[in-house]
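Okay, can everyone see the screen? I'll put the structure up and then talk through how the pieces pack.

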Amino acid sequence: NAPEHGTALVVGTGYGGAVAALRLGEAGIRTTVLEMGALWNRSGPDGRVFCSTAAPDHRSMWFRTRTEAPLATFLWLDVVNKNISPYPGVLDRVRFADMSVFVGRGVGGGSLVNGGMAVTPQRAYFSEMLPHVDADEMYRTYFPRANAMLGVNSIDPAWFETTEWYRFSRVSRKHAARAGLRTTFVPNVYDFGYMQREAAGTAVRSALGGEVIYGNNHGKRSLDRTYLAAALGTGNVTIETLHRARAVRRERDGTYVVTADRIDLAGKVVETREFGCERLFLGAGSLGTTELLLRARETGALPGLSDEVGRGWGPNGNVMTGRANHLWDTVGANQSTMPVMGIDDRDNPDNPVFAEIAPLPTGLEHWVSLYLAITRNPERGTFRYDPATDGVRLDWNRAQSQVSAASAKRLFDRINARNATIYRYDLFGGNRTFADDFTYHPLGGCVLGRATDDYGRVRGAPGVYVTDGSLVPGSIGVNPFVTITALAERTMSRVIAEDYAR
Ligand code: FAD
């Protein structure tokens with residue numbers, strides 16, 4: 001295959017990849033984007049693009065024979081997961097020895113499957129994590145830009161107080177308040193105007209129809225409707241789907257070639273293609289980007305890459321837990337899938353935690369209060385290339401996860417004590433009360449200012465850039481996509497102004 005020369009190549013269509021694609025396209029640079037997942041724009045036989053969480057089918061997960069939902073059981077019963085046929089579905093669970101990582105697959109990456117919570121981090125913690133980044137500029141320019149482009153909005157507080165769909169949040173707020181804890185509204189990219197129409201019965205239900213981790217058919221401003229639509233609108237961007245980038249090499253003239261496998265809907269490799277480019281933008285996410293660069297370094301394709309590639313990984317301190325409420329404290333059979341409120345104890349110097357009040361929409365009253373806690377776990381893991389599998393291993397152990405669980409436990413013990421309530425034992429398997437063995441927020445592996453310079457330029461590979469979550473050093477204290485988007489905006493404005501001007 002002769003290299004097909006384009007000016008810029010982007011790998012991945014999540015937040016980092018989508019920002020890169022739009023800003024390159026706008027600057028008039030011909031850009032090809034490779035995405036291993038599918039384009040989700042065609043309805044299945046049921047008239048819907050995505051399947052629902054309650055009745056998952058082949059569209060739910062990335063080449064599985066059974067779904068692997070984060071909440072495995074209910075009342076200890078294996079009622080959640082279903083057998084499915086293998087297909088390039090939208091949610092993947094990547095299992096490492098002691099940690100599994102949920103990621104989105106498809107045009108839009110994580111934006112297709114996530115909870116839409118769009119949170120700008122606290123400035124002090126942002127600066128602690130990324131001390132070399134000019135926080136003034138971030139909070140003045142790039143965070144507002146990211147929020148505007150992503151279509152971030154907030155629930156109408158009056159509607160929140162009265163709707164049955166957020167009773168579960170109000171109950172958790174009351175319990176937190178009894179323990180002296182503050183709650184705060186959490187902005188989201190789900191269109192709350194649409195959600196109110198769903199509640200009124202004038203729009204097709206999506207968030208109110210149990211849709212989230214396997215995709216939302218309506219209401220959510222995922223990247224395919226925002227950044228990626230705008231990128232395609234420039235006329236300079238093309239997206240190649242079901243193309244998995246596997247290798248990167250540098251040619252003598254300083255250009256790069258990415259080798260990608262094109263797969264069919266059965267997962268079979270039907271073609272291997274080479275894409276040449278002058279500049280390469282990696283937006284394959286913390287796992288994807290780190291794996292590509294580690295493999296390139298360890299196989300000698302890009303031997304000059306820094307030892308820092310693979311380091312500084314963390315799960316953003318993610319822990320899930322559930323509490324059992326008293327019979328009179330009903331959480332409601334009707335629950336919106338989009339969380340809008342968090343218990344905000346981030347300013348507690350002894351145990352800073354941000355705990356989102358998560359829905360558990362089963363259509364039945366279950367008295368469960370569910371939470372996704374984001375703790376400030378300082379532990380970090382390291383990815384290593386494994387030549388035997390040509391893949392990566394993650395050095396991260398259970399004791400490292402325990403740090404997150406212990407922090408969450410300190411917070412929820414307080415809430416349980418003041419409300420005379422207990423934890424639920426039936427949700428995560430093995431009678432566990434805290435699920436600290438999976439994360440939705442993989443961060444790091446190619447940390448900004450270490451494996452790259454302060455603008456995502458990869459050290460030892462001039463013309464290669466990282467724009468995704470692998471830049472964030474393992475923790476950011478809140479849900480990460482606004483930070484990833486804002487950092488990508490900052491990188492792209494610098495790279496287009498400086499590197500393309502040369
Ligand atoms: P991603 O969005 O992961 O995008 C990477 C893309 O690259 C993917 O489309 C992937 O298929 C593709 N790719 C990977 N490797 C290759 C390869 N080799 N070749 C070609 N393509 C490749 N964050 C929030 O801020 N708020 C939330 O409410 C929230 N909820 C979440 C809920 C769930 C269930 C999950 C899974 C995540 C959630 N997140 C949330 C996390 C958020 O979605 C991620 O932090 C974000 O998507 C990461 O962006 P990214 O650009 O780093 O990579």
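So, strand 9 and strand 19, residues 464–466, run parallel and are joined by 3 bridges. If you want a pair to click on, take F281, which sits opposite Y465 in strand 19. And keep in mind throughout that this is a predicted model.

Strand 9, residues 269–282, also pairs with strand 8, residues 256–263, and there the sense is antiparallel, over 8 bridges. Here the pair to look at is A260, with R273 of strand 9 opposite. The hairpin these two strands make has 5 residues between the strands, and G267 has a positive phi there, near 90 degrees.

There's another hairpin further along, made by strand 14 and strand 15, with 4 residues between the strands. Which residue takes the positive phi in that one? It's D390, near 60 degrees. Strand 14 covers residues 382–386 and strand 15 covers residues 391–395; they run antiparallel with 5 bridges between them. D386 has G391 in strand 15 as its bridge partner.

One more bit of sheet before the helices. We've got an open sheet of 3 strands, order 3-4-18, with mixed pairing. Strand 3 (91–95) and strand 18 (438–439) are the edge strands, each with a single partner, so one side of each has no neighbour in the sheet. Strand 3 runs antiparallel to strand 4, with 5 bridges joining them, and D92 stands opposite V103 of strand 4.

Right, helices. I'd start with helix 10, residues 481–498, and look at what it packs against. How do helix 1 and helix 10 cross? Their axes come within 9 Å and the angle is roughly 30 degrees, with helix 1 being residues 15–26. Roughly parallel counts as under 35 degrees, and therefore helix 1 and helix 10 are roughly parallel to each other. The crossing of helix 1 and helix 10 is right-handed. On the helix 1 side you've got Y15, G16, V19, A20 and R23, and they meet F481, I484, T485, A488, E489, M492 and I496 of helix 10. Split by class, the residues of that contact come out as 8 nonpolar, 2 polar and 2 charged.

Now helix 3, residues 135–150, which packs on helix 10 with the axes 8 Å apart and an angle of about 115 degrees. Helix 3 and helix 10 are therefore roughly perpendicular. Helix 3 passes helix 10 in a right-handed crossing. From helix 3, the residues are M138, Y142, F143, R145, A146, N147 and L150, and they meet V482, T485, A486, E489 and R490 in helix 10. The class split for helix 3 with helix 10 is 7 nonpolar, 2 polar and 3 charged residues.

Quick stop at another helix pair: helix 5 (residues 167–178) and helix 9 (residues 398–419), at an angle of about 90 degrees with axes 8 Å apart. Helix 5 and helix 9 are therefore roughly perpendicular too. The contact uses H175, A176 and R178 from helix 5, and I415, R418 and N419 from helix 9. By class, that contact divides into 2 nonpolar, 2 polar and 2 charged residues.

Last thing, the ligand. Which residues come nearest to the ligand? Out of the 39 residues around the ligand, they are G12, G14, G109, G110 and G288. As for elements that put two or more residues into that shell, we have helix 1, strand 4 (100–104), strand 7 (243–250), helix 8 (285–298) and helix 10. Helix 8 contributes the most, with 4 residues. And if you're thinking about the chemistry of the shell around the ligand, the tally by class is 16 nonpolar, 19 polar and 4 charged residues.

So if you rotate the view now, helix 10 is a handy place to look: helix 10 meets helix 1, meets helix 3, and is among the elements giving two or more residues to the ligand shell. That's my lot, over to you.

How values were computed:
Residues are numbered from 1 along each chain as its sequence is written. This is a predicted model: local features need pLDDT of at least 70, side-chain atom pairs count only at pLDDT 80 or more; totals for chains, interfaces and linings use all residues. Axes are lines fitted to C-alpha atoms, for helices over the stretch in contact, and angles run from 0 to 180 degrees between N-to-C directions. Angles under 35 degrees count as roughly parallel, over 145 as roughly antiparallel, 65 to 115 as roughly perpendicular and the rest as oblique. A crossing is left-handed if the near helix is turned anticlockwise from the far one by less than a right angle, and right-handed if clockwise. Two residues are in contact if their C-beta atoms, placed from the backbone, lie within 7 Å. Ala, Val, Leu, Ile, Met, Phe, Trp, Tyr, Cys and Pro count as nonpolar, Asp, Glu, Lys and Arg as charged, and the others, Gly among them, as polar. A residue is near a molecule or strand if its C-beta atom, placed from the backbone, lies within 6 Å of it. Two strands pair if DSSP finds at least two bridges between them.
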